[in-house]
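Hi,

Here is the structure I promised to pass on. Have a look at it first, and my notes follow underneath.

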Amino acid sequence: MAQNTVEKTPVTLLGLGAMGTALARTWLAAGHPLTVWNRTPAHAAALAAAGASAADSAAEAVAANTLVVVCLLDDASVDEVLAGADLAGRDLVNLTTSTPAQARARAEWARERGGRYLDGGIMAVPPMIGVPEAGGYVFYSGSRELFERHQETLSVPADTTYVGEDAGFAALYDVALLSAMYGMFAGAAHAFALIRKEDIDPAALAPLLADWLVAMVPAVHQTADQLRSGDYTKGVVSNLAMQVAGTPTFLSTAEQQGVSPELLSPYFELMRRRLAEGSGEEDLTGVIDLLVH
């Protein structure tokens with residue numbers, strides 16, 4: 001049993017918030033020697049009781065192992081925490097939420113300090129970590145060689161998806177998916193607001209709404225196909241002209257129900273602008289081109 005533990009890749013983890021703690025407990029449960037550090041020592045102490053080594057400083061934690069995983073509040077925190085650490089020869093895996101530009105700059109920053117860099121975007125919440133059936137995973141981008149070297153270890157807390165050598169791609173994929181999620185939440189919020197003052201149980205609408213959203217999911221594949229081909233009329237069922245003609249009904253219904261149209265109006269305005277360019281036979285895909293500066 002002891003021999004099996006020795007064979008596991010040692011990991012240093014900086015940052016023990018809810019996500020960091022979930023990552024730490026999963027690596028410990030899998031038998032990985034783990035060195036941890038956190039600004040609040042009590043968090044590290046709790047993990048030390050479970051078998052982790054608690055470092056007195058971030059620099060000490062970095063020095064303990066080659067594989068260093070960072071899961072902090074923001075990009076500025078990474079600067080602050082690693083300011084006094086020697087990254088020479090270290091494999092730095094940054095799971096801190098950042099922008100693509102910040103990730104690319106951080107990769108260069110690590111290289112200048114003698115470290116190797118991999119960026120990650122976590123597509124999960126803490127309860128999903130260490131639970132394969134929950135479906136959580138992490139996007140990784142940067143050095144493919146570095147990813148492949150540590151993939152087995154990185155796959156312990158959640159599945160891994162490598163998205164390219166460009167260090168900014170993990171952050172970009174992460175934000176792209178989450179942006180779509182918030183758009184869905186906005187639509188659902190408007191739907192529930194419409195029935196809020198009526199004698200309609202939200203629990204009765206919920207399964208209908210969920211099923212409808214699932215039924216609409218294949219549209220993303222058609223959009224991708226149209227973007228790739230450049231033909232926005234390909235496979236169109238409800239063209240832009242017809243959909244724009246229907247938007248007054250949605251706005252009037254919102255007004256009659258005493259609901260602000262502010263979640264719908266910006267998108268409807270983009271639809272009208274695209275139609276004004278003479279693209280009535282298109283799908284809604286042309287709206288994307290209006291968003292890109």
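Let me start with a small one: in which helix does Thr26 lie? Thr26 belongs to helix α2, which covers residues 18-29. Bear in mind throughout that this is a predicted model.

While we are on Thr26, is that residue buried or exposed? The relative accessibility of Thr26 is 13%, and the cut-off for buried is under 20%, so Thr26 counts as buried. Setting aside neighbours within four places in sequence, the contacts of Thr26 are Ile129, Gly130, Val156 and Pro157.

Now the overall picture. The protein chain has 293 residues, and 39% of them count as buried. In that chain I find 13 helices and eight strands. Along the principal axes, the C-alpha atoms fill a box of roughly 65 × 45 × 35 Å. If you look at contacts with a separation of 6 or more, 59% of them are between residues 24 or more positions apart. The accessible surface comes to about 15,600 Å², with 59% of that belonging to carbon and sulfur atoms. As for charge, the chain carries 18 positive and 34 negative charges, and the mean positions of the two sets are 4 Å apart.

On to the sheet. The eight strands form an open sheet with mixed pairing, in the order β3-β2-β1-β4-β5-β6-β7-β8. Strands β3 (53-54) and β8 (159-162) stand at the edges with a single partner strand each, so one side of each has no neighbour in the sheet.

Strand β4 (residues 67-70) is a good place to start in the sheet. Leu67 and Val69 point one way from β4, while Val68 and Val70 point the other way, and all are buried. β4 pairs in the parallel sense with strand β1 (residues 11-14) over four bridges, and there Leu14 stands opposite Val70. Four bridges also join β4 to strand β5 (residues 91-94), again running parallel, and in this pairing Val70 stands opposite Asn94. So that you can follow the chain from one strand to the next: β4, helix α5 (residues 75-82) and β5 make a right-handed β-α-β unit.

β5 can be described in a similar way. From this strand, Asp91 and Val93 point one way and Leu92 and Asn94 the other way, and all are buried. Four bridges join β5 to β6, and the two run parallel. Asp91 has Arg116 as its bridge partner in β6. Here too there is a right-handed β-α-β unit, made of β5, helix α6 (residues 100-112) and β6.

What about the pairing between β6 and β7: parallel or antiparallel? Strand β6 (residues 116-123) and strand β7 (residues 137-142) run antiparallel, joined by six bridges. Within that pairing, the bridge partner of Met123 is Tyr137 in β7.

Two more residues are worth finding on your screen. One is Arg274, in helix α12 (residues 265-276). Arg274 has a relative accessibility of 10%, and buried means under 20%, so this arginine counts as buried. Leaving aside neighbours within four places in sequence, the residues in contact with Arg274 are Tyr232, Leu240, Ser279, Glu282, Gly286, Val287, Asp289 and Leu290. Taking Asp289 from that list, the C-alpha atoms of Arg274 and Asp289 are 9.0 Å apart, with their positions 15 residues apart in sequence.

The other is Gly51, which sits in the loop between α3 (41-48) and β3. Is Gly51 buried or exposed? Exposed means over 50%, and Gly51 has a relative accessibility of 54%, so Gly51 counts as exposed. From Gly51 to Glu262 is 211 residues in sequence and 52 Å in space, C-alpha to C-alpha.

That's what I have for now.

Cheers

Note on methods: Residues are numbered from 1 along each chain as its sequence is written. This is a predicted model: local features need pLDDT of at least 70, side-chain atom pairs count only at pLDDT 80 or more; totals for chains, interfaces and linings use all residues. Side-chain values use heavy atoms; hydrogens and water are left out. Buried means under 20% relative accessible area, exposed over 50%, partly exposed in between (1.4 Å probe, protein chains only). Contact means heavy atoms within 4.5 Å. Accessible areas come from the Shrake-Rupley method with a 1.4 Å probe; for residues, only the protein chains shown count as cover. Lys and Arg count as positive and Asp and Glu as negative; His and the chain ends are not counted. The place of a charge is taken as NZ of Lys, CZ of Arg, CG of Asp or CD of Glu. Two strands pair if DSSP finds at least two bridges between them.
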